Amino acid sequence: MAAALQTLGGGIGITLHWIAFTPTIEQQATEEQKKKWLKLAQDVAIVGAYAQTEMGHGTFVRGLETTATYDPSTQEFVINSPTLTSTKWWPGGLGKTANHATVMAQLYTRGKCYGPHNFMVQIRSLENHQPCPGVTLGDIGPKMESNGNDNGFARFDHVRIPRENMLMKFARVEADGTYVQPPSSKLAYSNMVYLRGTFVMSAAQALASATTIAVRYSCVRRQSEMKPGEPEPQILEYQTQQYKLFPQLAAAYAFWFASWFMTQQHGSITGSMEKGDMSGLAELHALSAGLKSYTTAVTARGIDVCRMACGGHGYSHASGLPALFGGAAALCTAEGENTVMMLQTARYLVKCFAQSQAGKRLTGTVAYLSAVQPSPVAGNRNMSDLGTLVAAFQHRAARMVRHAAMQMQGEMQKGKAREDAWNSCSVLLIKAAEAHVHSFVVRNFAETVQTVEVDESVRAVLTSLCQLYSLYGITEHAGDFLKDGYLTGRDIDAASSHLSAMLARVRPDAVALVDAFDLHDKILRSVLGRYDGRVYEHLYEWAKKSPLNKSEVHESYYKYLQPFLKSNRAKL
Ligand SMILES: CCCCC/C=C\C/C=C\C/C=C\CCC(=O)SCCNC(=O)CCNC(=O)[C@H](O)C(C)(C)COP(=O)(O)OP(=O)(O)OC[C@H]1O[C@@H](n2cnc3c(N)ncnc32)[C@H](O)[C@@H]1OP(=O)(O)O
Ligand SMILES: Cc1cc2nc3c(=O)[nH]c(=O)nc-3n(C[C@H](O)[C@H](O)[C@H](O)COP(=O)(O)OP(=O)(O)OC[C@H]3O[C@@H](n4cnc5c(N)ncnc54)[C@H](O)[C@@H]3O)c2cc1C
């Protein structure tokens, strides 16, 4: 059923029912409330949207304007959109599909505001799908991509819901209006942490799709002359084509492994939180925010590199690459705009750095911050050794975190308020946080290829891919590694030579590495990436189905071109 709805396309948006609405019930509803709504959602007996973002606020959740005011006389919450900018805007499925929504609203009881909380609101009749009384709904109009999804708007005009419709696993309001605090005010945000974690796998899958399309096509496409008189080579034989595609292919594997770690971390930390141990929440938030931001940004750029590497046919929707790019671009904004998310990671790093300065031993993904030597140890390094490469990335990140934090401390010592010092150092902070996430991805990639249960021939290929990913990162960000002398110019030259060698080493396994993603043609939806490689025949068939080809002479000729030509000829 869900798959059918999924493929319905135009105007039916059920993605967010699965990835946001249903998980919010799972994570924020009491056991009693789950009995009422969870099975209905899992069986698609109701269809839901996750309605948090408003026309005026998406990033700043504490600034949301929708209100939920408790009325003890009727034991109801009154949901209201007090301003135009409080209109819920963007939620997937909200426009035409969903008949329920979890609505994030400022909770008021006994005249006091307790901040954003989630409320279950029925928005359409289960009989005729008309909007419920007091609810105004609609689609927000065409977007860059994903126009099959009805991202919508909703306004609430004093809509009354039972007290029991507040999702009360963490915080609750008693019948008399008493507010009961949650263990942490940020638990209302827990579903965003979960969803950001899933974006890491979405990014990996998107980059895997794009590299599958581009690598396969680069084996079909022959172009130019590498040597006079010789047959046109596969374009994948050009080193520049390998330099475009193989780092993206390596990143797809790196992000795939990072998503494994993210999923494992989310499970274990939320498991501890169920037992009341909140100690892992801060690290989980920082890691999910940073990984979401980093992997989606690299993926969007990487998909466009793959698109360009396919020449003109890459620009056609037949390739599947423009749609992939549009989807990946959405991942950079949705579920926490990337800059804002990376700043959240930076906030955590600055805090950890201060703790390390005060003598605390750091653990988890920031442990390296206290272990890395501040003074660079220059020298001839073995730039093909994974341990050396991991250490270089950790040194770079530690140096940049330290530099950004000390810069901020310096600003504050000059008398700047903390917030002003933060803002004036935020570019340094972003770069430091990106370096931190990059070092995590490299370390996790190296640890995975060394421990994953595969036969040694596969491990050898994955190790080459990890070396390629790391060497590419070092050569692309050489300045960061050279700045304090930790790496020398000779090290960077060695890294470049090893990178060239890795491109040649990965070439024979490139098709096998993309086939290993096992992405069916129906998922790839790409003429260029077809498993059977019959690109040209299917490109022609695809073009013939273009709506413009329904008639030999298009109606626009008679309407516009013919009179225009006639009048121009008459003037000759
Ligand atoms: C290629 C194929 C793809 C196909 C897909 C195509 C299309 C679909 C794409 C996308 C759609 C799918 C899903 C999208 C769904 C959505 O977008 S839902 C809406 C998402 N919205 C957000 O993510 C909002 C982002 N903003 C926030 O999370 C917060 O406002 C903030 C930025 C984090 C700031 O919060 P604030 O309360 O002001 O906190 P502050 O910065 O002041 O920090 C205070 C402390 O709180 C800690 N903290 C913040 N958030 C969390 C959290 N989630 N968990 C735990 N802790 C948190 C923070 O670290 C601070 O701690 P300190 O100890 O004080 O430092
Ligand atoms: C395809 C798609 C699907 C979506 N689906 C949903 C959904 O189902 N449910 C839902 O509730 N929402 C959804 N959204 C909305 C999405 O969550 C928000 O758009 C996102 O959180 C970004 O918030 P914003 O639009 O307010 O951006 P803004 O924050 O206005 O971003 C604009 C600029 O301001 C900058 N900025 C903002 N705050 C800061 C800061 N503190 N420091 C530095 N710079 C800052 C940003 O970096 C950015 O450059 C969806 C969005 C898209 C594109």
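Ala, Val, Leu, Ile, Met, Phe, Trp, Tyr, Cys and Pro count here as nonpolar, Asp, Glu, Lys and Arg as charged, and the others, Gly among them, as polar. The exercises below concern a predicted model.

**Exercise 1.** Describe the shell around ligand 2 by residue class and by the helices that supply it.

*Solution.* Begin with the residues themselves: 19 of them surround ligand 2, and Tyr50, Thr53, Thr59, Gly92 and Glu337 are the closest. Sorted by class, the shell holds eight nonpolar, nine polar and two charged residues. Turning to the helices, helix 8 and helix 9 each supply at least two residues of this shell, and the largest share, three residues, is that of helix 9.

**Exercise 2.** Find polar atoms of the protein that lie close enough to ligand 2 to form polar contacts, taking 3.5 Å as the cut-off, and state how much of the ligand is covered.

*Solution.* A nitrogen atom of ligand 2 lies 2.8 Å from a polar side-chain atom of threonine 53. Backbone atoms also take part, since polar ones of glutamine 52 and glycine 92 lie 3.1 Å and 3.0 Å, respectively, from an oxygen atom of ligand 2. Of the 970 Å² of accessible area that ligand 2 has on its own, the protein covers 61%.

**Exercise 3.** Carry out the corresponding analysis for ligand 1, beginning with its side-chain contacts.

*Solution.* The side chain of lysine 186 places an N or O atom 2.5 Å from an oxygen atom of ligand 1, while that of glutamine 52 has one 3.2 Å from a nitrogen atom of the ligand. The protein buries 80% of the 1,300 Å² that ligand 1 exposes when taken alone. Its shell divides into 18 nonpolar, nine polar and six charged residues.

Definitions and conventions
Residues are numbered from 1 along each chain as its sequence is written. Chains are lettered from A and ligands numbered from 1 in the order in which they are written. This is a predicted model: local features need pLDDT of at least 70, side-chain atom pairs count only at pLDDT 80 or more; totals for chains, interfaces and linings use all residues. Side-chain values use heavy atoms; hydrogens and water are left out. A polar contact is a pair of N or O atoms within 3.5 Å; within protein, one must be able to donate a hydrogen and the other to accept it, and residues adjacent in sequence count only if both atoms are side-chain atoms. Accessible areas come from the Shrake-Rupley method with a 1.4 Å probe; for residues, only the protein chains shown count as cover. A residue is near a molecule or strand if one of its heavy atoms lies within 4 Å of it. Helices (H or I, at least four residues) and strands (E, at least two) are DSSP runs, numbered from the N terminus.
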